[in-house]
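Me: I would like to learn how to read a helix, a whole chain and a chain-to-chain contact in a model. Could we go through them one at a time?

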Amino acid sequence: MRVLAPFGRRRAALTGARDVGAYRVLEAADPDGPRPWPGQFYMLAAAERWGAGADERPYLPRAFSFLRATGGTVAFMLEDVGPGTRRLGELAAGDELWLVGPLGIGFSPPPAGARALLVGGGVGVPPLAAWADTLAEQGAAGCEALLGFRDARRAEGARLLDAAPVRVATDDGSVGHHGLVTELLEQALDADPAATVYACGPRAMLEAVRALCAERGLHAQLALEAGMACGFGACYGCAVPLAAGGYARLCVDGPVLDAGRIDAVPAHA
Amino acid sequence: MTAVEFCGLRLAHPIVNGSGTFDAIAARRAFGDALLEGFPFSAFVSKTITLQPRAGNPPPRLWEAQAGLINSIGLPNRGLAGYLADDLPQLAALPVPLITNVMGSTIPEVAELVEAVGARGEVAAIELNVSCPNVRTGLDIGADPRSLGELVRAVRPLTRRPLIVKLTPNTADVAAAALAAEREGADAVSLINTLRASAFAPSSRRPWLGGGTGGLSGAAIRTVALAQVASVARAVDVPIVGMGGVASGKDAWNLLSAGATLVAVGTESFRDPAAGTRIRAELKSLQIAKTPSTSVNGSQAQVEVDADLAD
């Protein structure tokens, strides 16, 4: 599903900015933007002081899947991992963003009668949370989320997905299952082998989910990430190798791809 | 804004896109018909077309540099046949004239591209990407005025369309290259292409980009572009498409002041898809404000310089 974006970037004031565990959640007023479809993303930059940070960066906008979009606002979640997320993380209510979006293609609904299993973790929570909201709105039954995090502070991010029951796994065992989220996924698939899997998360996790689904011959949709400069097909930077040969541009052909289209989640995605 | 005459084309304003920095077909998928209604450029320059299809370089393809971007994309395109069959009809639907950019690694390859593209009525002009290694010398064709002159001489008679030569900045004397292109019949030159650049990953101690090296663009190259455009403008009489880090009307104004007829926007479109529209509006107000009767004033100029230093 793709909702078209207005052409050009627009200025959006933050109506809220708060910490949720290790993450920062920004909520921006976007009265002129369309309602996005889960899995779509926006290119974000701070309207002021975007640049001249560490290493004289950031320079380009950064891509973020939206977390929630209601009543003319759109929310994002981020973790401080570099000069772009650091600057965005400094913003407070009243500060302004440049945003372009919604961009890309989001999730497709599960086949009739199939249950949606949302699998992910870390900064992969937002598109899954948005998808859970939409599935709940549409009255889809039995949707469940399995979320993995490194530690308890990050596991607080699981609270952002509130439209479906959530099972949590942590690497250090401080919250929920002590181990990998893919172990929870195996249990869930043993119980319901016909589920449709939707996944977003760190590369290693996503690759493990892809491999598990491939092994079981299951349909899965992966929300991937890649460094991108523009978000609308101009720069050709976000190339992901396809199983059939050649590359997809993640920004216009994704970011959600059917897992069968790739042989592996790429290292730089 | 006053229309601009460029190689016999009448363009609505001087702002175009740099080749490979705006994919109008993909942008229409993202923005729909709003793209056509607010099309930011007065002519559209296609990405580089090669004879055979190219998948492009292995990722990673991008590195964010200091106020700039290093790319190693590797010219992915559908090849000449795919371009003519699939892309051209879609690009012909744009509300502005189309300039098709082509590249080949030998003279016969470029000749075939120029002939085939020039034969199509949808194409208003052809731009030659000469930042390609010569198979005999290993040097970029565009870096060596003699090779460049030979290439332009060979393909010039093959089309009646205006021929624009996109000069590489990775050469000892860009003005000499421009002069060689002009002597052999180029109708215009465009510059600057990206500057060769590299980034290393600290952990692996190896080049980060899949292609090894890449090309630097963005604000970081703005002052280099201004110097090269000024130097080329002193050397040739043909019109110049100036580009390199243009992000504002002031940047465009400076390139026009240095002798450019058109100004191309590149990396700034990545930061704002409609940057061309904003830059055109800013340029228009500058052109109104800075008429010769008000700007030739020593103290006024000093104020402008100070304002720039204080930016």
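Reply: This is a predicted model, and a helix is a good place to begin. On the face of α4(A) turned away from its buried side sit the exposed residues Gln187(A), Asp190(A) and Ala191(A).

Me: Which residues of helix α4 of chain A are buried?

Reply: A residue counts as buried if 20 or more other C-beta atoms lie within 10 Å of its own. In α4 (residues 181-191) of chain A, this holds for Val181(A), Thr182(A), Leu184(A) and Leu185(A). Looking down the axis of α4(A), one finds these buried residues within an arc of 150°, so they line one face of the helix.

Me: What do the buried residues of α4(A) pack against?

Reply: They pack against the strands β8 (116-121), β9 (144-149), β10 (166-170) and β11 (177-178), and against the helix α5 (203-215), of chain A.

Me: How is the compactness of chain B judged?

Reply: One compares the radius of gyration with a rule for globules. Chain B, which has twelve helices and 16 strands, has a radius of gyration of 19 Å, close to the 19 Å that the globule rule gives for 311 residues, so it is as compact as a globular protein of that length. Buried residues make up 52% of those 311 residues.

Me: How many residues of chain B are in contact with chain A?

Reply: Here 33 residues of chain B are in contact with 31 residues of chain A. The largest share of chain B's side, five residues, comes from α1(B), and by class that side has 18 nonpolar, nine polar and six charged residues.

Note on methods:
Residues numbered from 1 in each chain as written. Chains lettered and ligands numbered in written order. Predicted model: local features only at pLDDT ≥ 70, side-chain atom pairs only at ≥ 80, totals over all residues. Contact = placed C-beta atoms within 7 Å. Helix = DSSP H or I, 4+ residues; strand = E, 2+ residues; numbered from the N terminus. Nonpolar A, V, L, I, M, F, W, Y, C, P; charged D, E, K, R; others polar. Buried ≥ 20, exposed ≤ 12 C-beta atoms within 10 Å, placed from the backbone. Arc of directions from axis to C-beta. Rg over C-alpha atoms; globule rule 2.2 N^0.38 Å.
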